[in-house]
Amino acid sequence: MSLGNSKVATQNDVIDFCKKLLSSIPLENVIILALDNANRIIGYDCVEGATNQCALYPANVFRFLLSAAASSFIVAHNHPGGTLNASEADWSITERLKEAGKLLDVPLLDHLIITEDDHFSLRSSRKWNAERNA
C-alpha cells in the first residue's frame, strides 16, 4: 500500500487506513503507524499474530519508530471475532507503550481496535485518562 501523503488529520483518517490493512484478516494483527511532526504517516509496521492474540514487544516497536524518525505513533489491531472490548492485555501493552514513548519523546497518540464493521479508541476511554492521572 502506498503511503503517498497520508496525513492523519482526523481519527477517521487513521481508521480508514487501518481498516484497509486489517479488517478482512482472520488473524489478530497489529499495525504501528509512524507519524512525522505534521501527522503524516511516514511508515508502518505490521506484526502478525494468532486467532485471538498478537505478541507486541515495546523494544521492537521503538526500534521501528526510531529508525523511521517518528515524532509520534498510533497502534491499531484487529479483533477478527468482531468484539470491540479491550482486554487487560490490550490495556497493559498500551500503558507500556505510553510510558516508553514518554521516555523516548515519541508519544503514543492512540490505540485502536478495528473490526470489520466498527472501531474503538482506547484513548477515548476514561481508563486512558485515569491511568495517565494516576
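## A turn residue to start with

Let's begin at Asn39, which sits in the loop between β1 (29-35) and β2. Asn39 is not a glycine, yet its phi is positive, at about 60°. How exposed is Asn39? Its relative accessibility is 29%, so Asn39 counts as partly exposed. Please keep in mind that this is a predicted model.

Asn39 also turns up in the surroundings of a strand residue, Ser72. Ser72 belongs to strand β3 (residues 72-78). With a relative accessible area of 5%, Ser72 is buried, because the cut-off for that label is under 20%. Setting aside neighbours within four places in sequence, the contacts of Ser72 are Leu33, Ala34, Leu35, Asn39, Val106, Pro107 and Leu109.

## The overall fold

Now for the wider view. The chain has 4 helices and 5 strands, and from the N terminus on they follow the order α-β-β-α-β-α-β-β-α. The radius of gyration is 14 Å, close to the 14 Å that the globule rule gives for 134 residues, so the chain is as compact as a globular protein of that length. Along the principal axes, the C-alpha trace spans about 40 × 35 × 25 Å.

How much of the chain is buried? Of its 134 residues, 43% count as buried. Contacts that link distant parts of the sequence can be summed up too: among those between residues at least 6 apart, 64% join residues at least 24 apart.

## Surface and charge

The accessible surface of the chain amounts to about 7,100 Å², and carbon and sulfur atoms account for 48% of that. As for charge, there are 12 positive and 16 negative side chains. The centres of these two sets lie 6 Å apart.

## Helix α3 and the residue after it

Helix α3 (residues 88-104) offers a neat geometry check. Its 17 residues, at 1.5 Å a residue, should span 24 Å, and the end C-alpha atoms are indeed 24 Å apart, which agrees. Which residues of α3 are buried? They are Asp90, Trp91, Ile93, Thr94, Glu95, Leu97, Lys98, Ala100 and Gly101. For reading such a list, it helps that an α-helix has 3.6 residues a turn, so residues three or four places apart point the same way.

Just after α3 comes Asp105, where phi is positive at about 60°, although Asp105 is not a glycine. Asp105 is placed in the loop between α3 and β4 (108-114). Is Asp105 buried or exposed? A relative accessible area of 64% makes Asp105 exposed, since the cut-off for exposed is over 50%.

## The loop between β2 and α2

Two residues of this loop are worth a visit. Gly49 lies in the loop between β2 (41-48) and α2 (58-67). At 21% relative accessibility, Gly49 counts as partly exposed, because buried would require a value under 20%. Leaving out neighbours within four places in sequence, Gly49 has contacts with Leu27, Glu28, Asn29 and Cys54. Gly49 and Leu27 are 22 residues apart in sequence, while their C-alpha atoms are 6.2 Å apart in space.

Thr51 is also placed in the loop between β2 and α2. Its relative accessibility is 57%, so Thr51 counts as exposed. Which residues does Thr51 touch, not counting those up to four places away in sequence? The answer is Leu27, Glu28 and Pro80. Leu84 is 33 residues from Thr51 in sequence, and the C-alpha atoms of the two are 15 Å apart.

## Strand β5 and the loop that follows

Ser121 is part of strand β5. This residue is buried, with a relative accessible area of 4%. Apart from neighbours within four places in sequence, Ser121 contacts Gln11, Asp110, His111 and Leu112. From C-alpha to C-alpha, Ser121 and Ala86 are 9.3 Å apart, with their positions 35 residues apart in the sequence numbering.

Arg123 is located in the loop between β5 (119-121) and α4 (126-133). At 35% relative accessibility, Arg123 counts as partly exposed. How far is the C-alpha atom of Arg123 from that of Thr94? The two are separated by 9.7 Å, although they are 29 residues apart along the chain. Thr94, as seen above, is one of the buried residues of α3.

Methods: Residues numbered from 1 in each chain as written. Predicted model: local features only at pLDDT ≥ 70, side-chain atom pairs only at ≥ 80, totals over all residues. Heavy atoms only, no water. Rg over C-alpha atoms; globule rule 2.2 N^0.38 Å. Buried < 20%, exposed > 50% of the residue type's maximum accessible area, 1.4 Å probe, protein only. Contact = heavy atoms within 4.5 Å. Areas by Shrake-Rupley, 256 points an atom, 1.4 Å probe, with all protein chains shown as cover. Lys, Arg positive; Asp, Glu negative; His and termini not counted. Charge placed at Lys NZ, Arg CZ, Asp CG, Glu CD. Expected span 1.5 Å × (residues − 1).
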